[in-house]
Amino acid sequence: MEKKILTNEERIANNAAIADSYYHAYDKKAVKDGAVYDVWVFAPHAEYWSPYFGNSMIDLQENPISVEDSATMEALSYSVEFENWGPVDFESFPSIEGVAWKTHFGGYRRRDGKFMDFFAYSFIRTNMYGEITHWETHVNSNYNDFLDVAIGEHGPYSDANVYMAAVMRKLASAGIDLASLMHKERKI
């Protein structure tokens with residue numbers, strides 16, 4: 001089946017939907033339960049990059065952990081220590097080429113009710129078909145304190161796998177079966 005080249009208006013609408021899909025999945029507190037960003041479509045060999053998670057380009061098609069599985073594990077690991085963790089505020093900026101957004105995440109520490117938060121900034125580039133070709137995230141310094149509570153350590157990490165290993169250790173220590181979190185189908 002031949003892919004449809006989107007008009008500029010369709011590209012902007014598609015890119016806005018990408019950001020909204022991300023926000024709504026987290027706002028419903030559904031990512032920790034396996035929800036995915038329903039409108040996201042990745043181009044072959046789409047890349048992910050973050051200076052906090054290894055500062056190296058990750059080919060999402062080749063990465064052993066899917067985007068869906070890593071998002072579920074991450075959100076669930078944060079929810080072990082934080083009640084009602086999710087977006088406090090969200091703002092997106094769609095364009096023809098992609099979309100940028102700012103998410104203010106926060107939650108209440110279960111042991112004492114203290115509110116802890118951080119900001120995450122995401123940038124997505126899409127192609128003429130509306131497929132994601134590049135995704136990157138950046139966080140502010142409050143993320144370090146948040147992670148110290150959420151998973152017991154913080155980065156920046158030398159490799160994204162080191163971060164995911166810490167997330168998996170947190171889940172295992174909470175008695176959560178990692179195999180039960182894996183999605184049956186991999187989008188990428």
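User: Is Glu91 buried, partly exposed or exposed, and what is its relative accessibility?

Analyst: The model is predicted, and every value discussed here is computed from it. In general, the reading depends on a cut-off: buried means under 20% relative accessible area and exposed means over 50%, with partly exposed in between. Glu91 has a relative accessibility of 37% and therefore counts as partly exposed.

User: With which side chain does Glu91 form a salt bridge?

Analyst: As a general idea, side chains of opposite charge can pair when their charged atoms come close. Here, Glu91 meets Lys102 in a salt bridge with an N to O distance of 3.7 Å. Glu91 belongs to strand S3 and Lys102 to strand S4, and the two residues are 11 apart in the chain. Lys102 is partly exposed, at 26% relative accessibility.

User: How many salt bridges are there, and which residue pairs with Arg110?

Analyst: The count comes to eight salt bridges. One of them joins Arg110 to Glu83, with the closest N and O atoms 2.3 Å apart. Because Arg110 sits in the loop between S4 and S5 while Glu83 sits in strand S3, this pair ties together parts that are 27 residues apart in sequence. Arg110 is partly exposed, with a relative accessible area of 43%, and Glu83 is partly exposed at 43% as well. Another salt bridge is formed by Asp112 and Arg109, whose closest N and O atoms are 2.5 Å apart. Asp112 is partly exposed at 42%, whereas Arg109 is buried, with a relative accessible area of 11%.

User: In what order do the strands stand in the sheet?

Analyst: A sheet is read by following which strand pairs with which. Six strands form an open sheet in the order S2-S1-S6-S5-S4-S3, with mixed pairing. S2 and S3 are the edge strands, each with a single partner, so one side of each has no neighbour in the sheet.

User: Which pairings are parallel and which antiparallel?

Analyst: S1 and S6 pair in the parallel sense over four bridges. The antiparallel pairings include S1 with S2, joined by two bridges, S4 with S5, joined by 11 bridges, and S5 with S6, over seven bridges. Individual residues help to locate these pairings. Tyr48 stands opposite Trp135 in S6 and also opposite Ile58 in S2. Ala100 stands opposite Phe123 in S5, and the bridge partner of Ala120 in S6 is Val139.

User: How many residues lie between the strands of the hairpins S4 and S5 and S5 and S6?

Analyst: Five residues lie between S4 and S5, and Gly113 in that turn has a positive phi of about 75°. The hairpin of S5 and S6 also has five residues between its strands, and Gly130 in the turn has a positive phi of about 85°.

User: Which side chains of strand S5 point to the buried face?

Analyst: To read such a strand, one follows its side chains in turn. Along S5 (residues 115–126) they alternate: Met116, Phe118, Ala120, Ser122, Ile124 and Thr126 point to one face and are buried. Phe115, Asp117, Phe119, Tyr121, Phe123 and Arg125 point to the other face and are not buried.

User: What covers the buried residues of helix H3?

Analyst: The buried residues of H3 (residues 142–150) are Tyr143, Asn144, Phe146, Leu147, Val149 and Ala150. Their cover includes helix H2 (67–81), S3, S4, S5, S6 and H4. Just after H3, Gly152 takes a positive phi of about 90°.

User: How are Phe53 and Tyr163 arranged as an aromatic pair?

Analyst: A pair of aromatic rings is described by the distance of the centres and the angle of the planes. The whole structure holds 30 aromatic pairs. In the tilted pair of Phe53 and Tyr163, the centres are 4.6 Å apart and the planes differ by 55°. This pair links distant parts of the chain, with Phe53 in the loop between S1 and S2 and Tyr163 in helix H4, 110 residues apart. Phe53 is buried at 9% relative accessible area, and Tyr163 is buried at 3%.

User: Which residues form a nonpolar patch on the surface?

Analyst: Val88, Tyr108 and Phe115 form the patch, with about 270 Å² of accessible area together. Val88 lies in strand S3 and is partly exposed, with a relative accessible area of 47%.

Terms used. Residues numbered from 1 in each chain as written. Predicted model: local features only at pLDDT ≥ 70, side-chain atom pairs only at ≥ 80, totals over all residues. Heavy atoms only, no water. Patch = residues over 30% accessible without salt bridge, like charges linked within 9 Å, V, L, I, M, F, W, Y side chains within 5 Å. Areas by Shrake-Rupley, 256 points an atom, 1.4 Å probe, with all protein chains shown as cover. Salt bridge = Lys/Arg side-chain N within 4 Å of Asp/Glu carboxyl O. Buried < 20%, exposed > 50% of the residue type's maximum accessible area, 1.4 Å probe, protein only. Pairing = 2+ DSSP bridges. Phe/Tyr/Trp six-rings, centres within 6.5 Å; stacked < 30°, edge-to-face > 60°. Contact = heavy atoms within 4.5 Å.
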